Amino acid sequence: MKVSILDDYFDTVRTLDCFRKLSGHDVAIWNDHVQDVDMLAERLRDTEALVLIRERTQIRTPLLERLPKLKLISQRSVYPHIDIETCTRLGVVVSSGQHADTPSYATAEFTWGLILAAMRAIPQQMAALKAGKWQIGVGHTLRGKTLGIYGYGRIGAVVAGYGKAFGMNVLVWAREPALVKARADGHEIAASKADFFERCDVLSLHMRLVDATRGIVKAEDLARMKPSALLVNTSRAPLIEPNALVNALRAGRPGMAAVDVYEKEPLSDVNDPLLTMDNVVCTPHLGYVSRDEYEIQFTDIFDQIVAYAAGTPINVVNPDVMQKRR
């Protein structure tokens with residue numbers, strides 16, 4: 001099959017051990033980011049299997065209708081960036097393993113790194129030192145403070161464990177099935193959503209972005225947070241209603257944020273409000289970007305291509321396509 005891999009910024013995929021799974025296939029790897037439909041249509045005109053790295057590129061109807069040879073889209077995790085109904089109509093199989101039993105330790109570790117960086121103002125202190133200034137403020141320790149986990153899934157549970165190891169009090173708010181697991185793990189459950197936002201010293205979001213969670217964090221929720229509190233988002237930006245975080249930070253509740261995800265990615269506007277605030281630590285969606293995590297993710301992605309080529313597609317998220325696939 002002719003396979004195209006988009007958005008491999010640092011040309012990492014070909015160096016992975018699992019890349020050998022594509023031996024015998026004709027593979028093209030693109031290291032830049034392109035969203036222009038005309039450019040993508042030309043680039044992918046002969047592609048049969050398209051590999052996506054998370055949601056870096058939007059795969060919408062105008063593009064899909066110009067890719068007559070496309071048979072398979074292979075990726076991992078959720079797929080709000082793909083027009084699934086159009087894929088089904090056109091006979092394109094979408095395979096996307098949901099890795100329900102394997103947390104992203106890379107993202108959990110990175111979340112903890114952001115918490116430490118923000119609470120101790122490490123990036124700001126580093127920048128000041130390079131500018132010739134010695135100590136620009138006093139940070140906050142974590143021990144004895146309340147860590148809020150909003151969404152107690154695979155990653156949230158791991159981050160909660162890190163909080164315990166640092167001597168924090170873990171407080172959880174989530175859907176009832178997740179709360180059952182959190183209780184079983186010995187964590188306190190907030191009395192209400194309002195209680196949760198009011199009590200947290202550090203509040204970390206850990207939810208998938210689906211219709212039910214889009215905008216689930218409201219302006220009134222953020223307004224309940226302490227002026228000394230930190231909000232951390234390594235999940236998805238649209239979990240927070242548009243403009244609510246910037247306005248809340250300007251109002252002083254919460255007092256800090258650590259953000260790895262944005263409404264529009266890649267974020268290239270250096271004047272974006274989040275990038276101009278001294279009380280915000282920003283990183284370019286690095287949560288899952290580690291060599292170890294890439295091996296895990298691309299093993300699944302390439303296994304899906306191998307399975308399709310063998311005539312037995314796996315992890316198909318649009319099963320109706322099977323009767324009319326190309």
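1. A word on terms first: helices (H or I, at least four residues) and strands (E, at least two) are DSSP runs, numbered from the N terminus. Please keep in mind that this is a predicted model, in which local features need pLDDT of at least 70 and side-chain atom pairs count only at pLDDT 80 or more, while totals for chains, interfaces and linings use all residues. Residues are numbered from 1 along each chain as its sequence is written, and side-chain values use heavy atoms, with hydrogens and water left out.

2. Let us start with the whole chain. It holds 12 helices and 12 strands. Its C-alpha atoms fill a box of roughly 60 × 50 × 35 Å along the principal axes. The radius of gyration is 21 Å, which agrees with the value near 20 Å for a compact globule of 326 residues; this radius is taken over C-alpha atoms, and the globule rule is 2.2 Å times the number of residues to the power 0.38.

3. Next come the sheets. Five strands make an open sheet with parallel pairing, in the order 2-1-3-4-5; two strands pair if DSSP finds at least two bridges between them. Strand 2 (26–29) and strand 5 (93–97) each have a single partner strand, so one side of each is left without a neighbour in the sheet. On average, neighbouring strands of this sheet are turned by 20° against each other, direction ignored. Axes here are lines fitted to C-alpha atoms, for helices over the stretch in contact, and angles run from 0 to 180 degrees between N-to-C directions.

4. Within that sheet, strand 4 (residues 72–76) and strand 5 pair in the parallel sense over five bridges. One pair to look up is R76 and its bridge partner G97 in strand 5. Helix 12 (residues 291–309) lies across strand 1 (2–5), strand 3 (49–51), strand 4 and strand 5, and runs at about 155° to strand 4; contact means heavy atoms within 4.5 Å.

5. The other open sheet to find has seven strands, again with parallel pairing, in the order 8-7-6-9-10-11-12. Its edge strands, strand 8 (188–189) and strand 12 (280–282), pair on one side only. Strand 6 (residues 146–150) joins strand 7 (residues 169–173) over five bridges in the parallel sense, and L147 stands opposite V170 of strand 7. Helix 4 (residues 105–119) packs on this sheet, touching strand 6, strand 9 (202–205), strand 10 (230–233), strand 11 (256–259) and strand 12; the direction of helix 4 makes about 150° with that of strand 10.

6. Now for the empty spaces. On a 1 Å grid over the protein atoms alone, a cavity is a set of points where a 1.4 Å probe fits but cannot get out; a pocket is an open set with protein on both sides within 12 Å along at least five of seven lines, and lining residues have an atom within 4 Å of a point. Grid points are joined across faces, edges and corners, and a volume is the space filled by probe spheres set on the points.

7. The largest pocket holds about 880 Å³. Its lining counts 38 residues, and G153, R154, H206, M207 and R208 lie nearest its centre. Helix 6 (154–165), helix 7 (176–184) and helix 12 each supply at least two residues of this lining. By class there are 15 nonpolar, 14 polar and nine charged residues, where Ala, Val, Leu, Ile, Met, Phe, Trp, Tyr, Cys and Pro count as nonpolar, Asp, Glu, Lys and Arg as charged, and the others, Gly among them, as polar.

8. The second largest pocket has a volume of about 730 Å³. Of its 31 lining residues, Y262, K264, E265, P266 and H285 are the closest to its centre. The lining divides into 16 nonpolar, six polar and nine charged residues.

9. Two of those central residues share a cis bond: the peptide bond from E265 to P266 has omega near -5°, and P266 lies in the loop between strand 11 and helix 11 (273–276). H285, in the loop between strand 12 and helix 12, has a positive phi near 50°. Elsewhere, R253 and P254 are joined by a cis peptide bond with omega of about 0°; P254 is found in the loop between helix 10 (244–251) and strand 11.

10. Finally, there is one cavity of 30 Å³ or more. The largest cavity has a volume of about 40 Å³, and its lining includes R76, Y288 and F298. Helix 12 gives the most to this lining, with four residues.
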